[in-house]
Amino acid sequence: MFRYDLLTYLESYLTEERKQRFLEVLQKRTKHITVAVEDVYQLHNTSAIIRSCDVFGIQDLHVIEDRFGKRLDKNIAMGAEQWVDVYRYQTTADCISKLKDDGYQIIATTPHNDSSLLHDFFPTEKSAIFFGTEKEGLSEEVMKQADGFLKIPMVGFSESLNVSVSAAIIIQQLAQKVRDSNLNWQLTDIEILNKQLDWTKKSIKDVQGIIKRYRSE
């Protein structure tokens with residue numbers, strides 16, 4: 001009950017509009033679909049993917065930093081990442097292992113001919129959608145361990161899209177399919193409570209001082 005009591009206390013520092021907005025957003029958030037990006041070099045693309053996750057209601061993003069390391073930590077633009085949970089991994093194997101342990105099927109985005117077309121794919125199972133580097137695409141490791149393959153149908157001369165554009169299209173389509181379905185796609189009550197508390201803390205200046213005073217009362 002401590003988290004609930006603390007949330008109630010901290011919410012007194014928020015406007016009613018702010019509290020209601022958090023609840024409205026969380027009612028449409030999902031972990032049924034999650035997104036993983038592998039060694040995306042252009043930092044603005046990672047930032048754009050984070051924004052797409054937020055806009056279209058995906059709560060978790062997994063970032064593999066094998067080749068480019070901690071460059072992302074200081075360069076992702078402030079904003080949407082405070083509303084999306086970003087998990088970082090040093091290797092692709094670590095990321096895939098964690099996601100599979102959490103019950104996700106691995107779906108690799110690739111223009112290969114044997115890939116499912118986006119409009120034909122429905123994520124009945126919990127699905128982790130993997131996006132690769134701008135030039136080389138996904139690593140061989142992802143391709144070997146993938147449970148399925150997905151592509152956006154294209155009818156023009158160009159054979160590829162910018163990774164952040166591809167991610168936005170796929171995230172929007174899959175998130176909408178899930179929300180329109182009868183799947184148990186929403187966050188659990190405890191997940192909602194935890195995010196309410198997290199977002200509330202991020203919305204209050206000197207929140208640690210306020211929490212310290214609350215604990216001493």
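Start with contacts. Among contacts in the chain with a separation of 6 or more, 82% are between residues 24 or more positions apart. Keep in mind that this is a predicted model.

Now the overall dimensions. The secondary structure comes to nine helices and seven strands. The chain's radius of gyration is 19 Å, and the globule rule gives 17 Å for 217 residues. Those values are close, so the chain is as compact as a globular protein of that length. Along the principal axes, the C-alpha atoms fill a box of roughly 65 × 40 × 35 Å.

Surface next. Of the 217 residues, 47% are buried. The chain exposes about 12,000 Å². Carbon and sulfur atoms supply 49% of that area. On charge, there are 28 positive and 32 negative. Their mean positions lie 5 Å apart.

On to the sheet. What is the order of the seven strands? Reading across, it goes β3-β2-β1-β6-β4-β7-β5. The sheet is open, and the pairing is parallel. At the edges sit β3, residues 85-89, and β5, residues 116-117. Each of these pairs on one side only.

Let me take β1, residues 33-38. Six of its six residues are buried. Here is the general point: side chains in a regular strand alternate between the two faces of the sheet. In β1, I33, V35 and V37 point one way. T34, A36 and E38 point the other way. Both sets are buried, and that includes E38.

Who are the neighbours of β1? On one side, β1 pairs with β2, residues 60-64, through four parallel bridges. V35 stands opposite L61 there. β1 also pairs with β6, residues 127-131, in the parallel sense over five bridges. Two positions to look at on screen: V37 has F131 as its bridge partner, and A36 stands opposite F130.

Stay with β6. Is this strand enclosed or open to the outside? Five of its five residues are buried, so β6 is largely enclosed by the rest of the structure. S127, I129 and F131 point one way. A128 and F130 point the other way, and they are buried too. Next in line is β4, residues 105-109, joined to β6 by four parallel bridges. In that pairing, I107 has I129 as its bridge partner.

Now the β5 edge. β5 pairs with β7, residues 148-151, in the parallel sense over two bridges. S116 of that edge strand has L150 of β7 as its bridge partner.

Last stop, P153. Where is this residue? P153 lies in the loop between β7 and α7, with α7 covering residues 163-179. Relative accessibility is 40% for P153. The buried class ends at 20% and the exposed class begins over 50%, so P153 counts as partly exposed.

What does P153 touch, leaving out residues up to four places away in sequence? The list is L117, L118 and H119. L117 falls within the residue range of β5. Take H119 as the example. P153 and H119 are 34 residues apart in sequence. In space, their C-alpha atoms are 8.4 Å apart.

To recap. The sheet has seven strands with parallel pairing. β1 has six of six residues buried, and β6 has five of five. At one edge, β5 pairs with β7 over two bridges, and P153, in the loop after β7, touches L117, L118 and H119.

Conventions. Residues numbered from 1 in each chain as written. Predicted model: local features only at pLDDT ≥ 70, side-chain atom pairs only at ≥ 80, totals over all residues. Heavy atoms only, no water. Pairing = 2+ DSSP bridges. Buried < 20%, exposed > 50% of the residue type's maximum accessible area, 1.4 Å probe, protein only. Contact = heavy atoms within 4.5 Å. Rg over C-alpha atoms; globule rule 2.2 N^0.38 Å. Areas by Shrake-Rupley, 256 points an atom, 1.4 Å probe, with all protein chains shown as cover. Lys, Arg positive; Asp, Glu negative; His and termini not counted. Charge placed at Lys NZ, Arg CZ, Asp CG, Glu CD.
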